[in-house]
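The exercises below are meant to be worked through with the sequence and the 3D structure at hand. Each gives a task and then a solution in steps.

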Amino acid sequence: MTTPTSMERRAFLQRLATGGLVLAVGVNGVRHLEAMTAFFTLDPLQPSVHLSIGEDGLVTVVCHRSEMGQGVRTALCMVMADELEADWTTIRIEQAIGDKKYGDQNTDGSTSIRAGSYDRFRLAGAAARAMLEQAAATEWGVPLAEVTARNGAVVHDGSKRSLPFGKLVARARTLPVPTKPKLKDESQFRFIGKEVAGLDLHDILTGKAIFGQDAKMKGMKIAVVLRPPVYGSKVATLDASAALKVKGVERVITLATTPVPSGFQPLGGVAVVATSTWAALQGRRALKVTWTASPNDGYDSDKYRAELQKSARAPGRVIRRQGDAAAALANSTRKVTAEYYAPHLAQAPMEPPAAVAMVTATGCECWVCTQNPQEVRDSVATALKLPKEKVICHVTMLGGGFGRKSKPDYAVEAALLSKEMHAPVKVIWTREDDIQNGYPHTVAFQHFEGALDASGKVTALLHRVASPSINSTFAPGVTDLSDGEATAGLLDSPYAIPNYQAESCKAIPHVRIGWFRSVNNIPHAFAISSFLDELAHAAGRDPRDFLLELLGPDRIVDMKQVGAVNPVDNYGGTWEEHPLDIARYRKVLELATAKAGWGKQLPKGEGLGLAVHRSFLSYVAVVVHAKVSAKGEIVIPRVDIAMDCGFMVHPERIRSQAEGAVVMGLSNAITSELSYKNGRVAQSNFNDYRVLRMSAAPRETHVHLAPSGGAPGGVGEPGVPPVAPALANAIFAATGKRIRSLPLGKELTKNNG
């Protein structure tokens, strides 16, 4: 195998065997790894090993989360190096295999820094630093207070003596481990909060980084799969004679179809296994397959939209009720009604899924571009009927993920085919495979009724959502949103509206809904922020001033007092540590509008639009400057995005995540749409599943970070949701046309066609 991960793992184990300072951090503090065999066998939420220091002075940081461009490997190394006082040039990254000893490894929900890793890595570094300092003090026979770790060495200023970490490891590893080591003051940080170049950057730029599609193994076969065109259908007849005549094709194998709902399991279909990618693809083209009927054969996006509209116009399951919205609407001075639609989206990462599996008599080893190696291990073990301990999942670099690569179906396909072939097999998903057989983001139809009094204040709001749930992918009979999905903008809506009611309406699923970057915040933010802009204009108010007034005075909103039927989720955080803080909404709103020059005069056909949204514990406001031509063509001269994500670990990567969120948010807003006809996806590749082209990107994107300190919030996802409504509101400001369906570009063209 040519992947560096396997070599690094061997080196790590060799270092462990020959002696070094190897620490594990748990809920009970820091302990020697050697004494933790039983510790590691506890439940999957037990903590993990993240640090080793060799006698050669190399500091190995084990990253348990996947790197897909967000910079987590560098950020966690910064945290570890700061507390350890390491020399940055001695830092080495090892990518963790999938194992419960590392705790939660699912790289989703913008949790890689905020959900415990920051504290855990600091604790590990501080404990190691304390042990190295004690070792040096003992070596020199001086008081501990007289020595200090400094940039990869421990120094004694009084005698001008210094020993590098590597020279202290042998003694340090004999010392007791401090379970509550003293952490640095933030003013002492050398890396955290500073600009640090990515540790992976050189390898990525020079092509040395190993992604899933790059993985190779001696004797490896290549496989592609012709999957059911409709969710729930399976192979009826197969004629593989032409495929088997293609030079290089070795076998054609029918994979079993997983019954609906299929969860994370493969869809089934027909696999072509060959000696090369070209042969496998040519063989697949030569297959003659017919498929059985499916209950989803009639799935049609246009018809389904009408079904959702009908559902959203009728009362649904009440999930939040404050005051009496119905009475306030009935008695209002002015009532505004509007409906919004957001289509399916495909994650469409630049690197489609790929996995290599090698099944032997003793188990299975996989190399996968996955966001969730533990799920890969568990699913492969189940498919092969092996104990989990017999499956090893190595994580390669990811060329994007956006939620698609948290599902392990492609790794299971590789494992099943490897077992069948008695050889290593790499399963390749093409772009077409990914777009047509992936896990699309949900579709949503939303109905609003808002009431204004004589002074233009909002007295009531009714919000109904009809949208198939992700839970429907895993359990039968699920027909409306979970409370967790509804949290994303409905249950945690911050506005000071005295009469508020939110309802979840029925939406029968026809495809396997999956996670998408920002998840349900995308349709919810689009609809809510657009409707509030409508209310502002109906009230004759400036949208910025209207929003600030609607947020009400600075305060912490008590989420037990918002009328939610069930407790409101907080993206895995506690409300005590991450309260819903109106002052932070106000701060990003005022910052983005000030930087964008809100209120300035613009030429005809140009306008500014605004939206603000909290998700994944961070607050983001976006102002889009849009120009719309007479033909409906959109040009975006400038975007201003302000983010308050709490304490910042790696500002450069936060800025890049915000910039990427603007581009992805504009793709969602202007061009992207996944639609179905006769149960089949109508799009195939980037020619018809459009993402934003470079020529359509904003001419200028300005990121304004507004850190508020405290616990870190999420960074990867919060920037996306406010982008689409800010653009929609800018288009209204520029043209007077209110567009309530995504993608906006299609609607503008249609309206002008």
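**Exercise 1.** Determine which element supplies the largest share of the lining of the second largest cavity.

*Solution.* Begin with the cavity itself, which in this predicted model has a volume of about 90 Å³. Its lining consists of G489, D492, S493, P494, Y495, I528, S529, Y585, V612, H613 and R614. Next, look for the elements that each supply at least two of these residues, and you will find α15 (521–538) and β25 (606–615). Of the lining, β25 gives the largest share, with three residues. Finally, sort the lining by class, which yields five nonpolar, four polar and two charged residues.

**Exercise 2.** Find how β25 is placed in its sheet, and what its neighbours are.

*Solution.* The sheet is open and has four strands, which follow the order β25-β26-β27-β30 with mixed pairing. Because β25 and β30 (700–705) each have a single partner strand, they stand at the edges, and one side of each is left without a neighbour in the sheet. On average, neighbouring strands here are turned by 15 degrees against each other, if direction is ignored. The partner of β25 is then examined more closely: β26 (residues 618–628) runs antiparallel to β25, and ten bridges join the two. One residue can be followed from the previous exercise, since H613, which helps to line the second largest cavity, has V620 in β26 as its bridge partner.

**Exercise 3.** Identify which strands of this sheet helix α17 and helix α19 lie across, and at what angles the helices run.

*Solution.* Take helix α17 (residues 582–596) to begin with: it lies across β25, β26, β27 (634–644) and β30, and runs at about 145 degrees to β27. Helix α19 (residues 723–735), in turn, lies across β25, β26 and β27, with an angle of about 155 degrees to β25.

**Exercise 4.** Work out how many cavities of 30 Å³ or more there are, and describe the lining of the largest cavity.

*Solution.* The count comes to seven cavities of 30 Å³ or more. The largest cavity has a volume of about 140 Å³, and of the 15 residues that line it, Y231, Q436, N437, V511 and Y676 are the closest to its centre. Divided by class, this lining has nine nonpolar residues, five polar and one charged.

**Exercise 5.** Decide whether S667 is buried or exposed.

*Solution.* Locate S667 in helix α18 (residues 651–670). Its relative accessible area is 7%, and because buried means under 20%, S667 counts as buried. Beyond its neighbours within four places in sequence, S667 is in contact with S672, V691 and L692.

Note on methods: Residues numbered from 1 in each chain as written. Predicted model: local features only at pLDDT ≥ 70, side-chain atom pairs only at ≥ 80, totals over all residues. Heavy atoms only, no water. 1 Å grid on protein atoms, 1.4 Å probe; cavity = no way out; pocket = protein on both sides within 12 Å on 5 of 7 lines; lining within 4 Å. Points joined across faces, edges and corners; volume = space filled by probe spheres on them. Nonpolar A, V, L, I, M, F, W, Y, C, P; charged D, E, K, R; others polar. Buried < 20%, exposed > 50% of the residue type's maximum accessible area, 1.4 Å probe, protein only. Contact = heavy atoms within 4.5 Å. Pairing = 2+ DSSP bridges. Axes fitted to C-alpha atoms, helices over the stretch in contact; angles between N-to-C directions.
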